[in-house]
Amino acid sequence: MNYSVCILAAGKGSRTQLDFNKVFFKFSDGTSVLDRSVNLFNEDPDCKEIILVVAKHEQEYVEKLYQNLDKVKITIGGKTRQESVSHGLRLVCSEHVFIHDGARPYLNMEEVNKLKQTLSDYDACLLMVPSVDTVKIVENGFVKESLDRSLLYNAQTPQCFKTSLLKECHQKALEDQREATDDAQLVEWYSNTLIKVVTGNASNIKITNPGDLPK
Ligand SMILES: C[C@](O)(CO)[C@H](O)COP(=O)(O)O
């Protein structure tokens, strides 16, 4: 199964309190947070293109970083996550697309293989992990209600789709001026397509806070 991956790397990551984009933060072996995902997908022969969605002022830097990787294409991000994904989608040539957060460096090949396998039976799937915390709805600083934890899962990336399906859902959201927090949500809103849950790993965190940065 051939696919393209769009890796979102245009965020500012201000919550990490770094004075540079968190995807360029380096592990002790000298590889960056972004390198980890780029290298993983570069090593997968089924992955035909790696589309990096980057901030305009970082475009030249990223082009130089990956100039030796034939699969890499680069585009500029938008004002929101959703807009950035839609910019990436314009470059996708494969029938299937993975959307991945550049700030999730701990993805492994086992998870990628499970997603590829699932895409042969379903047009949409994503990595998720069961919620380990109790989740409550809060209004104006007061608890309104607790949700049934047995039904709650945390969404991760990659989120994987038939490319035509995701493009259609993005187009409809653009027309409606609706913003989702992930791509699966657009498919929930604008399609009856079943979205298959692939159980992921809690280690596939999105680097968000200073404590998440590699030691
Ligand atoms: C897509 C996502 O990782 C699912 O949990 C998350 O919504 C991304 O959020 P961000 O605010 O764009 O980092």
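Student: Why is Cys-125 called buried?

Tutor: Buried means under 20% relative accessible area, exposed over 50%, and partly exposed in between (1.4 Å probe, protein chains only). Cys-125 has 0% relative accessibility, so Cys-125 counts as buried. Note that this is a predicted model: local features need pLDDT of at least 70, side-chain atom pairs count only at pLDDT 80 or more, and totals for chains, interfaces and linings use all residues. Residues are numbered from 1 along each chain as its sequence is written, and side-chain values use heavy atoms, with hydrogens and water left out.

Student: What makes Cys-93 exposed?

Tutor: Its relative accessible area is 64%. The cut-off for exposed is over 50%, so the label applies.

Student: How many disulfides does a search of the whole structure find?

Tutor: The search finds 0. A disulfide is a pair of cysteine sulfur atoms within 2.5 Å. For Cys-93, the nearest cysteine sulfur belongs to Cys-6, 11 Å away. For Cys-125, it is that of Cys-160, at 4.4 Å. Neither Cys-93 nor Cys-125 is in a disulfide.

Student: Which residues are around the ligand?

Tutor: Arg-81, Asp-101, Arg-104, Ala-155, Thr-157, Thr-181, Asp-182 and Lys-206. To be listed, a residue needs a heavy atom within 4 Å of the ligand.

Student: What makes the Asp-101 pair a polar contact?

Tutor: A polar contact is a pair of N or O atoms within 3.5 Å; within protein, one must be able to donate a hydrogen and the other to accept it, and residues adjacent in sequence count only if both atoms are side-chain atoms. A polar side-chain atom of Asp-101 lies 2.6 Å from a ligand oxygen, so the pair meets the distance limit. A side-chain N or O atom of Arg-104 is 2.8 Å from an oxygen atom of the ligand. Ala-155 uses a polar backbone atom, at 2.6 Å from a ligand oxygen.
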